[in-house]
Amino acid sequence: MNSIFLYNLFLSLHIISVIAWMAGLLYLPRLFVYHFTKKIGSESSETFKLMEIRLLRIIMNPAMIFSWLFGIALISTLGVESLSALWLQLKVLFVLLLSGVHGYLAKITKEFQQDRRARSERFYRIINEFPTVLMIIIVFLVIFKPI
């Protein structure tokens with residue numbers, strides 16, 4: 001296969017994976033906000049638990065893994081020397097931060113699964129903004145390649 005075809009294939013799969021991952025990163029904290037308002041042990045609280053864990057395990061985790069795999073595949077088709085570009089180094093740094101946010105949301109999901117709610121509703125509203133800010137930075141880095 002020629003390298004242009006492989007690059008376009010990996011780029012397409014990377015974009016699809018990132019869209020799925022971001023959808024989960026934006027939706028899961030919103031579920032926390034709604035879940036927080038439900039009485040522990042109620043039917044609606046149990047429904048939110050199911051929604052949260054399925055979103056994390058079935059959509060978010062695979063999407064994050066595939067985002068990383070196809071991103072690495074893109075870099076390999078361009079050549080490892082592409083990592084010398086500062087914009088790409090910064091992108092990788094922000095994707096690492098995004099992966100950290102993912103891990104933190106997974107931790108909070110586990111807390112909700114155990115009916116532990118140590119934070120406020122406002123906290124869950126605020127953490128919803130972190131993936132958005134990181135996504136904006138990453139998109140601008142990729143499009144403008146400013147450095």
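Let's start where a helix ends: Gly 79, just after helix 2, takes a positive phi of about 105 degrees. Helices here are DSSP runs of H or I with at least four residues, numbered from the N terminus. This is a predicted model, in which local features need pLDDT of at least 70 and side-chain atom pairs count only at pLDDT 80 or more, while totals for chains, interfaces and linings use all residues. Residues are numbered from 1 along each chain as its sequence is written, and side-chain values use heavy atoms, with hydrogens and water left out.

Now walk back into helix 2 itself, residues 43-78. Its 36 residues should span 52 Å at 1.5 Å a residue, and the end C-alpha atoms are 51 Å apart, which agrees; the expected span is 1.5 Å times one less than the number of residues. Along the way there is a kink of about 35 degrees centred on Leu 56, where the bend is the angle between axes fitted to the seven residues ending there and the seven starting there.

Leu 56 also takes part in the contact with helix 3 (heavy atoms within 4.5 Å). Other helix 2 residues in that contact include Ile 53, Met 60 and Trp 68, and they face a set in helix 3 that includes Val 95, His 102 and Phe 112. By class, this contact has 12 nonpolar, five polar and two charged residues. Here Ala, Val, Leu, Ile, Met, Phe, Trp, Tyr, Cys and Pro count as nonpolar, Asp, Glu, Lys and Arg as charged, and the others, Gly among them, as polar.

How do the two helices lie? The axes of helix 2 and helix 3 come within 11 Å and cross at roughly 160 degrees, which makes helix 2 roughly antiparallel to helix 3 (an angle over 145 degrees). Axes are lines fitted to C-alpha atoms over the stretch in contact, and angles run from 0 to 180 degrees between N-to-C directions.

Helix 3, residues 86-113, has 28 residues that should span 40 Å, and its end C-alpha atoms are 41 Å apart, which agrees. Just after helix 3, Asp 115 takes a positive phi of about 60 degrees.

Helix 3 has another partner: helix 1 packs with helix 3 at an angle of about 40 degrees, with their axes 11 Å apart. Trp 21, Met 22 and Phe 32 are among the helix 1 residues that meet helix 3. The residues of this contact divide into 12 nonpolar, five polar and one charged.

Met 22 appears again, alongside Leu 25 and Leu 26, where helix 1 meets Pro 131, Thr 132 and Met 135 in helix 5.

Terms used
Angles under 35 degrees count as roughly parallel, over 145 as roughly antiparallel, 65 to 115 as roughly perpendicular and the rest as oblique.
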